[in-house]
Amino acid sequence: MTTRVIYPGTFDPITNGHFDIIKRSAAMFDEIIVAVAASPSKKTLFTLEERVALVRDSIQSLPNVSVEGFSGLMVDFAKAKQANLLVRGLRTTMDFEYEFGLTNMYRKLMPELESVFLTPSEEYAFLSSTIVREVALHGGTVESFVPKTVHNALQSKIHPK
Ligand code: ADP
């Protein structure tokens, strides 16, 4: 059976922690679709198009990984794409509680979608898009935490010429 994985999230913006999970998934499964949620309830720094473009730039070296934006229910998108596996990243026990609740809901909505949780390399265990945005907005350097393309995009967003 082909494993078609969906890795959903807001990716505002993609970090090296997300990329670590994508790389691990790409090594294990046939096809990975990074699904960037429109997340209209969140006030995102980057637009959906920008977030998708930043993921696309970051995954160029991984031939079995693609990216798409979606709005609405993640499970509806997963069904439309005929995904059979959901990947989520687990950093700390705080993630575990949240993800556990989500998974139970997803299982009710789409029982055929199995969930897999991956942990990142320990250097990324405390890394989040929120921290990256906060540090960048206050003038700190986030170069070692995000792909180069994201670093450049943050600079242009924060200090428009
Ligand atoms: P969401 O709004 O769905 O939480 P995120 O973009 O914040 O979207 O995260 C998407 C997924 O990536 C989640 O499963 C999250 O736990 C995981 N993730 C985020 N940052 C990291 C990281 N540094 N290491 C591993 N997984 C991560």
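Modeller: Buried means under 20% relative accessible area. Keep in mind that this is a predicted model.

Colleague: Is Ser 128 buried or exposed, and at what relative accessible area?

Modeller: Ser 128 sits in the loop between strand 5 (114–118) and helix 5 (129–137). The cut-off for buried is under 20%. Ser 128 falls under that cut-off, so it is buried, with a relative accessible area of 14%.

Colleague: Which backbone nitrogen does the side chain of Ser 128 reach?

Modeller: Leave out residues up to four places away in sequence, and Ser 128 touches Thr 15 and Arg 91. Its side chain also makes a polar contact at 3.1 Å. The partner is the backbone nitrogen of Ile 131.

Colleague: Where do the buried residues of helix 2 lie around the axis, and why?

Modeller: Helix 2 spans residues 48–58. Its buried residues are Arg 51, Val 52, Leu 54, Val 55 and Ser 58. They cover an arc of only 160° around the axis, so they lie on the same side of helix 2.

Colleague: What covers the buried residues of helix 2?

Modeller: Both helices and strands contribute to the cover. The strands include strand 2 (31–37) and strand 3 (65–70). The helices include helix 1 (16–28) and helix 6 (148–158).

Colleague: What kind of aromatic pair do Tyr 7 and Phe 11 form?

Modeller: The structure holds 3 aromatic pairs, and this is one of them. The ring centres are 5.3 Å apart, and the planes stand at 80°. Planes over 60 degrees apart meet the cut-off. The pair is therefore edge-to-face.

Colleague: What is the relative accessibility of Phe 11?

Modeller: Its ring partner Tyr 7 is buried, with a relative accessible area of 5%. Phe 11 also counts as buried. Its relative accessibility is 3%.

Colleague: Which kind of aromatic pair do Phe 70 and Phe 77 make?

Modeller: Phe 70 and Phe 77 are both buried. Their rings lie 5.0 Å apart, centre to centre, with 20° between the planes. Planes under 30 degrees apart decide the class. The pair is stacked.

Colleague: Which residues come nearest to the ligand?

Modeller: There are 17 residues around the ligand. A few of these come nearest. They are Tyr 7, Thr 10, Lys 42, Gly 89 and Leu 127.

Colleague: Which residue places a polar side-chain atom 2.6 Å from an oxygen atom of the ligand?

Modeller: Two other contacts use the backbone. A backbone N or O atom of Phe 11 lies 3.0 Å from a ligand oxygen. A backbone N or O atom of Tyr 124 lies 2.9 Å from a ligand nitrogen. The side-chain contact at 2.6 Å belongs to Lys 42.

Colleague: How much of the ligand's area does the protein bury?

Modeller: Take the ligand alone. It exposes 540 Å². The protein buries 90% of that.

Colleague: Which peptide bond is cis?

Modeller: Most peptide bonds are trans. One bond here has omega near 0°. Pro 13, on one side of that bond, is in the loop between strand 1 (4–9) and helix 1. The cis bond runs from Asp 12 to Pro 13.

Colleague: What is the phi of Ser 39?

Modeller: Most residues other than glycine have a negative phi. Phe 11, in the loop between strand 1 and helix 1, has a positive phi near 50°. Ser 39 is in the loop between strand 2 and helix 2 and is buried at 13% relative accessible area. Its phi is also positive, at about 45°.

How values were computed:
Residues numbered from 1 in each chain as written. Predicted model: local features only at pLDDT ≥ 70, side-chain atom pairs only at ≥ 80, totals over all residues. Heavy atoms only, no water. Buried < 20%, exposed > 50% of the residue type's maximum accessible area, 1.4 Å probe, protein only. Helix = DSSP H or I, 4+ residues; strand = E, 2+ residues; numbered from the N terminus. Arc of directions from axis to C-beta. Contact = heavy atoms within 4.5 Å. Phe/Tyr/Trp six-rings, centres within 6.5 Å; stacked < 30°, edge-to-face > 60°. Near = heavy atom within 4 Å. Polar contact = N/O pair within 3.5 Å; in protein donor to acceptor, adjacent residues only side chain to side chain. Areas by Shrake-Rupley, 256 points an atom, 1.4 Å probe, with all protein chains shown as cover.
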